[in-house]
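Here are some short exercises to work through with the structure open beside you. Try each task before you read its solution.

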Amino acid sequence: MKLNAGIVTSKIAETKAFYTKTLGFGVTFENEFYLLMHTPGREAEISFLLPEHPSQQPLFHQPFTGQGMFLTIEVEDVDKLYNDLKKKGADIKIDLRDEPWGDRHFAIVDPNGIGIDLVKYAPAQEK
């Protein structure tokens with residue numbers, strides 16, 4: 001089984017620019033109403049669909065409203081990515097930090113209001 005999250009949004013162009021320029025995603029497929037993107041190593045995909053498109057069933061017509069969703073992207077070198085994004089002028093919403101449960105992470109937001117947690121998982125340190 002493979003999961004592909006889909007977001008219904010009118011911001012297809014802004015979304016494509018953000019994911020390709022900020023996070024290095026590639027385009028797997030696109031047409032005038034649909035965009036399928038993949039992570040740099042092609043481990044995962046995410047899709048974006050224009051709202052109210054006549055080719056789609058009503059279930060897929062309503063746009064995402066920008067609340068109640070986040071993505072987590074696990075990376076090998078979270079410090080390097082953080083520094084790279086800072087140099088690019090990315091709007092960092094949560095600065096790089098270590099959590100007591102072991103995560104080292106920071107967060108940004110995509111053009112649709114989706115929080116993106118960029119994380120390097122590590123086991124919690126015993127005290």
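**Exercise 1. Sort the residues that line the largest pocket by chemical type, then find where they come from.**

Step 1: the lining of the largest pocket splits into 13 nonpolar, six polar and eight charged residues. Here Ala, Val, Leu, Ile, Met, Phe, Trp, Tyr, Cys and Pro count as nonpolar, Asp, Glu, Lys and Arg as charged, and the others, Gly among them, as polar.

Before going on, a word on the source: this is a predicted model, where local features need pLDDT of at least 70 and side-chain atom pairs count only at pLDDT 80 or more, while totals for chains, interfaces and linings use all residues. Residues are numbered from 1 along each chain as its sequence is written, and side-chain values use heavy atoms, with hydrogens and water left out.

Step 2: look for the centre. The lining has 27 residues, and Phe-25, Thr-39, Pro-40, Ile-73 and Glu-74 lie nearest the centre of the pocket.

Step 3: trace the lining back to its elements. Two or more residues each come from strand E1 (4-8), helix H1 (12-23), strand E4 (45-49), strand E5 (70-74) and helix H2 (78-87). E5 gives the most, with four residues. (Helices, H or I with at least four residues, and strands, E with at least two, are DSSP runs numbered from the N terminus.)

Step 4: add the volume. The largest pocket holds about 690 Å³ of space. On a 1 Å grid over the protein atoms alone, a pocket is an open set of points where a 1.4 Å probe fits, with protein on both sides within 12 Å along at least five of seven lines; lining residues have an atom within 4 Å of a point. Grid points are joined across faces, edges and corners, and the volume is the space filled by probe spheres set on the points.

**Exercise 2. Write down the order of elements along the protein.**

Step 1: count them. The protein has two helices and eight strands.

Step 2: read from the N terminus, and you get β-α-β-β-β-β-α-β-β-β.

**Exercise 3. Take apart the sheet that contains E1.**

Step 1: get the strand order. This open sheet of four strands runs E1-E4-E3-E2, with mixed pairing (two strands pair if DSSP finds at least two bridges between them).

Step 2: find the edges. E1 and strand E2 (26-30) each pair on one side only.

Step 3: check the twist, which averages 25° from one strand to the next. Axes are lines fitted to C-alpha atoms, for helices over the stretch in contact, and angles run from 0 to 180 degrees between N-to-C directions.

Step 4: see what packs on the sheet. H1 touches E2, E3 and E4, and its direction makes about 10° with that of E3. Contact means heavy atoms within 4.5 Å.

Step 5: zoom in on one pair. E2 and strand E3 (residues 34-38) are antiparallel over four bridges, and Glu-30 has Leu-35 in E3 as its bridge partner.

**Exercise 4. Do the same for the sheet that contains E5.**

Step 1: the order in this open sheet of four strands is E5-E8-E7-E6, again with mixed pairing. Its edge strands are E5 and strand E6 (94-98).

Step 2: neighbouring strands are turned by 20° against each other on average, direction ignored.

Step 3: H2 packs on this sheet, touching E6, strand E7 (104-109) and E8, and makes about 30° with the direction of E7.

Step 4: compare two pairings. E5 and strand E8 (residues 115-120) are parallel over five bridges, with Ile-73 opposite Leu-118 in E8. E6 and E7 are antiparallel over three bridges, with Asp-98 opposite Arg-104 in E7.

Step 5: look at the hairpin of E6 and E7. Five residues sit between the strands, and Gly-102 takes a positive phi near 115°.

**Exercise 5. Decide whether Thr-22 and His-38 are buried or exposed.**

Step 1: Thr-22 lies in helix H1. Its relative accessible area is 16%, so Thr-22 is buried (under 20% is buried, over 50% exposed, partly exposed in between, with a 1.4 Å probe and protein chains only).

Step 2: leaving out residues up to four places away in sequence, Thr-22 touches Ala-17, Leu-85, Lys-88 and Ile-108.

Step 3: His-38 is in strand E3 and counts as buried at 7% relative accessibility.

Step 4: with that same sequence cut, the contacts of His-38 include Phe-25, Val-27 and Ala-44.
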